[in-house]
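Work through the exercises below with the sequence and the coordinates open. Each task is followed by a solution in steps.

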Amino acid sequence: MKEVRVEASRSYSVYVQPGLIDSAGEYISSLIKGDTAVIVSDDNVSRLYGQRLRLSLEKSGFRVLEYVFPHGEKSKCMDVYIRLLEFLLENRLTRSDVIVALGGGVVGDLAGFAAATFQRGMGLIQIPTTLLAMVDSSVGGKTAVNLEHGKNQVGSFYQPYGVICDPETLDTLPEEEFLCGCAEVIKYAVLGSREFFDSLKGAGVRQNLEGVITACVEMKRDIVASDEFDTGRRMLLNLGHTVGHAVEACSGFTVLHGQAVAIGMAVISRAANRRGLLPDSDLHEILDILERFGLPTQTKYPALDLYRETLADKKSGSTHITLVVPRKIGSCELMKLEREEVLGWIEDGIKP
């Protein structure tokens with residue numbers, strides 16, 4: 001088993017091992033002293049892994065309840081969040097009990113926000129079942145739900161008590177969703193490690209799942225430790241996300257998050273190259289690896305539409321927007337731009 005220790009306002013471990021879901025109860029019972037565990041999941045993941053997790057929790061002495069909602073980004077909303085809170089109250093959950101988030105990023109964000117806010121904070125365990133959630137969203141304590149006109153507009157920072165990653169759950173993940181996780185993996189490589197980038201070009205991801213997950217978690221661990229509340233260095237993790245979130249919004253969230261992040265990385269890399277900030281060779285390598293992983297690098301949406309959506313993004317300030325700009329593979333910088341300047345970056349970035 002691989003273990004990565006995260007030091008934050010609440011310190012915790014991320015465990016990575018095949019088959020770990022069947023012994024999850026042992027780890028959770030060592031961290032949580034309450035009587036009741038609520039498995040929060042979507043209808044797809046619950047059908048696949050809900051019963052196995054329930055048996056593990058019951059074997060460890062928990063009373064187990066389940067809250068299951070329809071899969072998809074549309075469920076990450078205030079209505080489902082409120083219904084979950086009401087479910088917790090109706091079943092007399094307390095602050096000493098635990099929510100176990102079983103699923104991808106939507107499940108983790110929604111369940112995490114409920115845990116953060118119910119009775120001002122209760123136990124939370126993340127069990128991510130997508131590659132994207134394992135390498136990124138389950139670690140670091142960001143929780144949120146969407147509003148009608150903006151993604152992740154209501155949320156909080158709330159660290160889990162532990163994260164349990166079972167790579168075997170990726171065996172049932174649709175290929176399209178797996179590739180979305182690969183976009184986040186590539187993001188980490190472009191952001192902070194030329195060596196990791198080269199290893200992805202050579203061996204890929206599936207051949208070394210435990211190693212890839214651990215490497216990404218370790219990189220995120222280091223960034224979160226230095227800037228837990230996203231006021232400085234942690235903003236680097238938004239590489240590809242400013243334009244990516246705009247693509248998602250323009251598509252009515254029919255473009256998947258990982259696909260949008262890939263497009264966002266390609267757009268910002270082209271724009272940086274055209275401004276002499278990113279060498280031609282690095283640009284070509286970034287675009288090539290995205291394409292070889294089956295990820296999109298172009299968008300059909302006009303620059304002005306994308307720009308308008310960036311103004312609604314939670315990272316946008318009243319006069320400035322901070323972009324994460326790659327300078328070479330393994331090194332990016334934060335660039336604070338006047339809001340009006342961002343349109344030019346997007347225009348340059350969407351050109352072939």
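**Exercise 1. Place histidine 257 in this predicted model and describe its surroundings.**

Step 1. Start with the secondary structure: histidine 257 is found in helix α10.

Step 2. Next, assign the burial class. The relative accessibility of histidine 257 is 19%. Buried means under 20%, so histidine 257 counts as buried.

Step 3. List the contacts, skipping neighbours within four places in sequence. What remains for histidine 257 is Leu132, Lys151, Glu184, His241, His245 and Glu248.

Step 4. Look for a polar contact between side chains. The side chain of histidine 257 makes one with the side chain of glutamate 248, at 3.1 Å.

**Exercise 2. Which residues does the UniProt annotation "binding site" cover, and where do they lie relative to one another?**

Step 1. Read the record. In the unreviewed UniProt entry, the annotation "binding site" covers Glu184, His241 and His257.

Step 2. Compare sequence with space. The three positions span 74 residues in sequence, yet no two of their C-alpha atoms are more than 10.2 Å apart, so they gather at one spot.

Step 3. Check the set against the largest cavity: the lining of that cavity takes in His241.

Step 4. Characterise histidine 241. This residue is found in helix α9. With a relative accessibility of 7%, histidine 241 counts as buried. Its side chain reaches the backbone oxygen of leucine 239 at 3.0 Å.

**Exercise 3. Find the salt bridge between lysine 151 and glutamate 248, and state which network these residues belong to.**

Step 1. Apply the distance criterion. The closest N and O atoms of lysine 151 and glutamate 248 are 3.5 Å apart, and the cut-off is 4 Å, so the pair counts as a salt bridge.

Step 2. Locate the partners. Lysine 151 is in strand β8 (residues 150-157) and glutamate 248 is in helix α9, so the pair, 97 residues apart, links distant parts of the chain.

Step 3. Check burial: both lysine 151 and glutamate 248 are buried.

Step 4. Follow shared partners. Salt bridges that share partners join Glu73, Lys76, Asp109, Lys151 and Glu248 into one network.

**Exercise 4. How many salt bridges does the model have, and how do the pairs of lysine 142 and arginine 275 compare in burial?**

Step 1. Recall the principle. Side chains of opposite charge can pair when their charged atoms come close.

Step 2. Take the total: the count comes to 23 salt bridges.

Step 3. Treat the lysine 142 pair. Lysine 142 forms a salt bridge with aspartate 230, with the closest N and O atoms 2.8 Å apart. Lysine 142 is in strand β7 (residues 142-147), while aspartate 230 is in the loop between α8 (209-226) and α9 (241-250), 88 residues apart. Lysine 142 has a relative accessible area of 30% and is partly exposed. Aspartate 230, at 18%, counts as buried.

Step 4. Treat the arginine 275 pair. The side chains of arginine 275 and aspartate 348 meet in a salt bridge at 2.7 Å, N to O. Arginine 275 lies in the loop between α10 (257-274) and α11 (280-292) and aspartate 348 in helix α13 (residues 339-350), so the pair ties together parts that are 73 residues apart in sequence.

Step 5. Add the accessibilities. Arginine 275 is partly exposed at 32%, and aspartate 348 is buried at 18%.

Step 6. Put the pairs side by side. In the first, lysine 142 is partly exposed and aspartate 230 is buried. In the second, arginine 275 is partly exposed and aspartate 348 is buried.

**Exercise 5. Why do cysteine 180 and cysteine 182 form no disulfide?**

Step 1. Note the total: the model has zero disulfides.

Step 2. Find the closest sulfur. For cysteine 180 that sulfur belongs to cysteine 182, 9.0 Å away. For cysteine 182, the closest cysteine sulfur is in cysteine 180.

Step 3. Compare with the cut-off. A disulfide needs sulfur atoms within 2.5 Å, so the 9.0 Å between these sulfurs is too far for a bond.

Step 4. Record the burial. Cysteine 180 is buried at 2% relative accessibility, and cysteine 182 is buried at 1%.

**Exercise 6. Describe the position and contacts of leucine 147.**

Step 1. Leucine 147 has its place in strand β7.

Step 2. With a relative accessible area of 41%, leucine 147 is partly exposed.

Step 3. Beyond neighbours within four places in sequence, leucine 147 is in contact with Met78, Gln153 and Val154.

Definitions and conventions: Residues numbered from 1 in each chain as written. Predicted model: local features only at pLDDT ≥ 70, side-chain atom pairs only at ≥ 80, totals over all residues. Heavy atoms only, no water. Helix = DSSP H or I, 4+ residues; strand = E, 2+ residues; numbered from the N terminus. Buried < 20%, exposed > 50% of the residue type's maximum accessible area, 1.4 Å probe, protein only. UniProt positions renumbered as here; feature names shortened; annotations may be inferred. 1 Å grid on protein atoms, 1.4 Å probe; cavity = no way out; pocket = protein on both sides within 12 Å on 5 of 7 lines; lining within 4 Å. Polar contact = N/O pair within 3.5 Å; in protein donor to acceptor, adjacent residues only side chain to side chain. Contact = heavy atoms within 4.5 Å.
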